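Student: Could you take one part of this model and walk me through it closely? I would like to see how the pieces around it fit together.

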Amino acid sequence: MKITSVRTRVFQWTGKTVPPQGHFCSNAMDLLYSPAESMSTFRFHAWTVVEIETDTGLIGLGNV
């Protein structure tokens with residue numbers, strides 16, 4: 001199996017944001033456990049999605 005294609009796409013949040021509070025730690029899981037959290041309070045507002053395709057047709061997705 002060989003990689004035949006690598007594609008990336010950057011998604012940028014352009015909505016309202018709230019400045020981070022002191023001692024904050026935030027990741028995507030924070031949105032699941034805190035009902036008060038929303039995209040406006042989420043601390044990272046850009047994501048890169050990577051798609052890798054192989055010669056066997058297998059496609060993998062990842063994000064950073």
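Tutor: Let's begin on the surface, where I3, V6 and I52 make a nonpolar patch of about 260 Å². A patch here joins residues with over 30% relative accessible area and no salt bridge, with nonpolar side chains (Val, Leu, Ile, Met, Phe, Trp, Tyr) within 5 Å and like charges within 9 Å. The areas come from the Shrake-Rupley method with a 1.4 Å probe, and for residues only the protein chains shown count as cover. I3 counts as exposed because its relative accessibility is 56%; exposed means over 50%, buried under 20%, and partly exposed in between.

Before going on, a word on the model: it is predicted, so local features need pLDDT of at least 70 and side-chain atom pairs count only at pLDDT 80 or more, while totals for chains, interfaces and linings use all residues. Residues are numbered from 1 along each chain as its sequence is written, and side-chain values use heavy atoms, leaving out hydrogens and water.

Now to the strands. I3 belongs to strand β1; strands are DSSP runs of E with at least two residues, numbered from the N terminus. β1 (residues 3-12) pairs with β2 (residues 46-54) in the antiparallel sense over 9 bridges, and two strands count as paired if DSSP finds at least two bridges between them. Across this pairing, R9 stands opposite V49 in β2. β2 also pairs with β3 (residues 59-63), again antiparallel, over 5 bridges. There I52, one of the patch residues, stands opposite G60 in β3. The hairpin of β2 and β3 has 4 residues between the strands, and in it G57 takes a positive phi near 90°.

Put together, 3 strands form an open antiparallel sheet in the order β1-β2-β3. β1 and β3 are the edge strands, each pairing on one side only.

Charged side chains also connect β1 and β2. The structure holds 2 salt bridges, each a side-chain nitrogen of Lys or Arg within 4 Å of a carboxyl oxygen of Asp or Glu. In one, R7 meets E51 at 2.2 Å, N to O; R7 in β1 and E51 in β2 are 44 residues apart. R7 also forms a salt bridge with E53, the closest N and O atoms being 3.2 Å apart. R7 lies in β1 and E53 in β2, so this pair ties together parts 46 residues apart in sequence. R7, E51 and E53 are thus linked in a network of salt bridges. R7 is partly exposed at 36% relative accessibility, as are E51 at 24% and E53 at 25%.

Conventions
Buried means under 20% relative accessible area, exposed over 50%, partly exposed in between (1.4 Å probe, protein chains only).
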